[in-house]
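Work through the two exercises below with the sequence and the model open. Try each task before reading its solution.

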Amino acid sequence: MAYQNIIAEHEDHLGFITIERPKKLNALNKATIEELSDAFKVLEADSDIRAIIITGSGEKAFVAGADISEFSDFDVQEGKELAEKGQTMLFDLVSELSTPVIAAVNGFALGGGLELAMACHIRVSSENARMGLPEVSLGLIPGYGGTQRLTQLVGKGKALEMITTGGMISAEDALKWGLVNYVVPQEQLMDFCEKLGDNIAKNSPNAIKAAIKAVNANVKESVDGFKVEIEEFGNCFGTKDFEEGTTAFLEKRKPNF
Ligand code: COA
């Protein structure tokens with residue numbers, strides 16, 4: 001599989017996807033989202049592959065968010081489309097994939113990066129990783145499922161704390177709060193995830209597919225929440241705060257709200 005922004009490969013029964021934009025801390029631009037969507041579908045279609053591990057290139061970042069430079073001039077309609085297309089094309093696809101996906105969170109997982117990790121079925125973090133949903137600092141809210149999946153994983157109180165402060169939490173706190181399943185030293189991260197993948201590979205693929213469907217059904221009532229998120233995310237694009245937040249980031253200064 002030849003891509004520009006990611007590497008997708010497989011070895012024995014495991015698929016591997018690495019996001020390869022290290023200079024942009026693996027930020028998710030449109031092309032990367034499209035390539036990820038394609039790679040997940042290709043790996044899922046291969047019945048020899050029993051688990052998929054996704055990680056970011058380099059030692060600093062898993063994914064530092066959606067690529068802010070791509071949407072800083074969007075209007076309300078474009079904002080809604082950005083969230084809706086992204087959710088359908090990648091985040092819901094991953095969450096509903098019949099092959100289990102393990103996020104190897106090797107560094108910063110912010111905004112869309114944490115949303116991608118949360119869409120995965122299992123999360124393992126390295127000790128250096130930092131996680132957060134900083135969208136409110138840009139005059140936005142999370143738009144790739146973050147308001148729903150963070151609440152499902154850590155509960156409403158902690159989710160609202162993370163979303164309203166926009167702050168980052170340590171891997172240790174993420175483990176304490178149930179946001180990640182394990183924290184391991186960075187050099188052991190991939191081996192650890194591969195062992196989890198090996199354990200999954202011993203089991204019935206049909207049963208695993210059914211289990212993912214059944215577990216996901218448990219949280220289906222939040223489906224309207226995803227729609228509200230798309231609406232509210234899009235509306236942010238009509239505000240002065242959004243203009244100021246994204247401009248300040250691109251000009252490398254603090255926003256003045
Ligand atoms: N979108 C676009 N570019 C991004 C990005 C993003 N989400 N995150 C990082 N980058 C780019 C930076 O603009 C910089 O590019 P440049 O070298 O061309 O100027 C490069 O990646 C390195 O980032 P930098 O900010 O210099 O690294 P740092 O170590 O000082 O800070 C972070 C790291 C993660 C704290 C910081 O990059 C950050 O806050 N990123 C944005 C996080 C965010 O708000 N994500 C949510 C988006 S919805």
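Two strands count as paired if DSSP finds at least two bridges between them. The model used here is predicted.

**Exercise 1. Strand β5**

Task: Find which strands are joined to β5 by bridges and how they run, then state whether the residues of β5 are buried or exposed.

Solution:
- Step 1. Locate β5 at residues 101-105.
- Step 2. Look at strand β3, residues 51-56: four bridges join β3 to β5, and the two run parallel. One partner pair is T55 of β3 and A104 of β5.
- Step 3. Look at strand β7, residues 122-126: four bridges join β7 to β5, again in parallel. Here S125 of β7 stands opposite V105.
- Step 4. Check the cover. A residue is buried if its relative accessible area is under 20%. Five of the five residues of β5 meet this, and the strand is mostly covered.
- Step 5. Sort the side chains by direction: V101, A103 and V105 point one way, while I102 and A104 point the other way. Both sets are buried.

**Exercise 2. E244 and its surroundings**

Task: Place E244 in its helix and find what its side chain makes a polar contact with.

Solution:
- Step 1. E244 lies in helix α11, which spans residues 240-250.
- Step 2. Buried residues in α11 include E244, along with F242, G245, T246 and A248.
- Step 3. Set aside neighbours within four places in sequence; E244 is then in contact with R253, K254, P255, N256 and F257.
- Step 4. Among these, R253 has a side chain that makes a polar contact with the side chain of E244, at 2.8 Å.
- Step 5. Inspect the backbone just after α11: K252 has a positive phi of about 55 degrees.

Notes: Residues numbered from 1 in each chain as written. Predicted model: local features only at pLDDT ≥ 70, side-chain atom pairs only at ≥ 80, totals over all residues. Heavy atoms only, no water. Buried < 20%, exposed > 50% of the residue type's maximum accessible area, 1.4 Å probe, protein only. Polar contact = N/O pair within 3.5 Å; in protein donor to acceptor, adjacent residues only side chain to side chain. Contact = heavy atoms within 4.5 Å.
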